[in-house]
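Biologist: Could you take me closely through how the helices pack, one pair at a time, and finish with the surroundings of the ligand?

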Amino acid sequence: MNKWEELDKKYIWHPFTQMKGWVENPQLVIERGDGVKLYDTEGRSYYDGISSLWVNIHGHHRKEIDDAVKAQLDKIAHSTLLGLINQPSAEFAEKLVEITPEGLNKVFYSDDGSTAVEAAVKIAFQYWQFKGKPEKQQFINLGDSYHGDTVGAVSVGNIDVFHKVYKPLLFATKKMTCPSFYHSNLGFKTEQEFLDYLLKELDEYLAENADKVAAMIIEPLVQAAAGMLMQPKGYIKGVRELTKKYGVLLIVDEVATGFGRTGKLFACEHEGVLPDMMCMSKGITGGYLPLGATMVTDEIYNAFLGEPEEYKTFYHGHSYTGNPLACAAGLAGLEIFAKDKVIENLPPKMAVIEKYMERFSQMQFVGNARQCGMLAGIELMYDKEKKVPFKPELLIAGGICQTARKYGLIVRNIGDVIIFMPPLASTAQQIEEMLGMLEQAMQEVFAEIAAGSKTDFSDPCAF
Ligand SMILES: *Cc1c(COP(=O)(O)O)cnc(C)c1O
């Protein structure tokens, strides 16, 4: 155990980690990154198959972004947005308005995805107070939704293993059926029937209750933290039409899907959705520095305007809001999107992922291998025909992720789902190599299961 592993195990409490398993098992210490690879203190290299938890877009140690941050550092690292302006946050806001769906004309900065959602929830609530409809207080969310880990974001979340224990602390929401066809046990034969059901459910609820609903919040196209659950085509468009029809705000959480992840710059673009609010973080700085943004329409922003004595100010903000270094990284990242034609170059990369997902689907213990653009989830099943999962205590998916490291790939599972989310900068060839490594790891573990020899993985990484 080297010095850093010792210090870490002595002093650090890791996120989403059972620390008992963590301290008992050997861990990697990452020293540096270059392109789509991470290097540990032992000199070994690994593909970053989850974009450092879904944030990295253009690769690590990317010269243009490094230079932009260094240049900003030579001016100032941070000054506050409370009462002062800084240059990068102003320039970045202009660009964000330009690239996001029409109508989102104002940017409220914060620090991460959770705070971007917190701000959206509070803005939506307060908006209706100012519009003379204070009874519109309820939020609609989706089954298995995830919007971050602060208490407001957890209130609009719905993943039992993460959220259930906090129920007494949370505000109540109206939960709609999780729009994942694969996981639905409602018995629909086709995805179209399932889609019709979902929209009818929402329509009927809103017809009765819209006068008490402030907003609906969704992760568009993919519910990522739930295990990459995909929504039927037409779903987000349908949700937008219904929320508009009944006068309910639509908050779109693009924290995971934004900045090219789904094959377009924002997931909303796939179905021409114009939301009332959009939350962004993760890829916003190319994965360099923490930054969140909540985009809103003029209609919402204007509702908060007034004289001081009207107390219409949005009393919310964070110390590092609009941090100049983070905004400088964001600006440099957007330049790379344009210069390298990042979005235009995605199709051949997505095709490699698609090829492997088809191949993985044929494997004995893979129930479902699904993809949306540059993200994918491989869901394991003990019996794929009858949809019988593995016993959770076997930690099979976590064991595969551990095994993949041996071949040179970092990936991480959520429950029984192995998540694959390479940086958008990965070449088709690199993606081919990464998925080849994952395939080897899966074959190795599956062979052990089939031989009846593998019954336990003491994996510290599994949730
Ligand atoms: C990751 C994530 C969040 C939370 O973002 P943090 O930066 O981790 O606070 C919120 N919503 C979605 C959809 C996410 O994937």
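Modeller: Happily! Helices α9 and α10 cross in a right-handed sense, meaning that the near helix is turned clockwise from the far one by less than a right angle (anticlockwise would be left-handed). This is a predicted model, in which local features need pLDDT of at least 70 and side-chain atom pairs pLDDT 80 or more, while totals for chains, interfaces and linings use all residues. Residues are numbered from 1 along each chain as its sequence is written, and side-chain values use heavy atoms, without hydrogens or water.

Helix α9 covers residues 191-209 and α10 residues 235-245; their axes lie 10 Å apart at an angle of about 15 degrees. That is why α9 counts as roughly parallel to α10 (under 35 degrees; over 145 is roughly antiparallel, 65 to 115 roughly perpendicular, the rest oblique). Axes are lines fitted to C-alpha atoms over the stretch in contact, with angles from 0 to 180 degrees between N-to-C directions. The helices are DSSP runs (H or I, at least four residues), numbered from the N terminus.

Helix α12 (residues 324-339) meets α4 (residues 63-73), their axes coming within 8 Å and crossing at roughly 150 degrees. The pair is therefore roughly antiparallel, and α4 passes α12 in a right-handed crossing. α12 also packs with α5 (residues 87-99), at an angle of about 40 degrees and with the axes 8 Å apart. That makes α5 oblique to α12; here the crossing is left-handed.

Now to the ligand. Around the ligand (a heavy atom within 4 Å) are residues including Trp54, Tyr146, His147, Glu219, Val255 and Lys282. Sorted by class, this shell has four nonpolar, four polar and four charged residues (Ala, Val, Leu, Ile, Met, Phe, Trp, Tyr, Cys and Pro are nonpolar, Asp, Glu, Lys and Arg charged, and the others, Gly among them, polar).

Among its polar contacts (N or O pairs within 3.5 Å), a ligand oxygen is 2.6 Å from an N or O atom in the side chain of Ser114. A backbone N or O atom of Gly113 lies 2.8 Å from an oxygen of the ligand, while a polar side-chain atom of Asp253 lies 2.7 Å from a ligand nitrogen. Alone, the ligand exposes 380 Å², and the protein buries 84% of that (Shrake-Rupley method, 1.4 Å probe).

How values were computed
Polar contact = N/O pair within 3.5 Å; in protein donor to acceptor, adjacent residues only side chain to side chain. Helix = DSSP H or I, 4+ residues; strand = E, 2+ residues; numbered from the N terminus.
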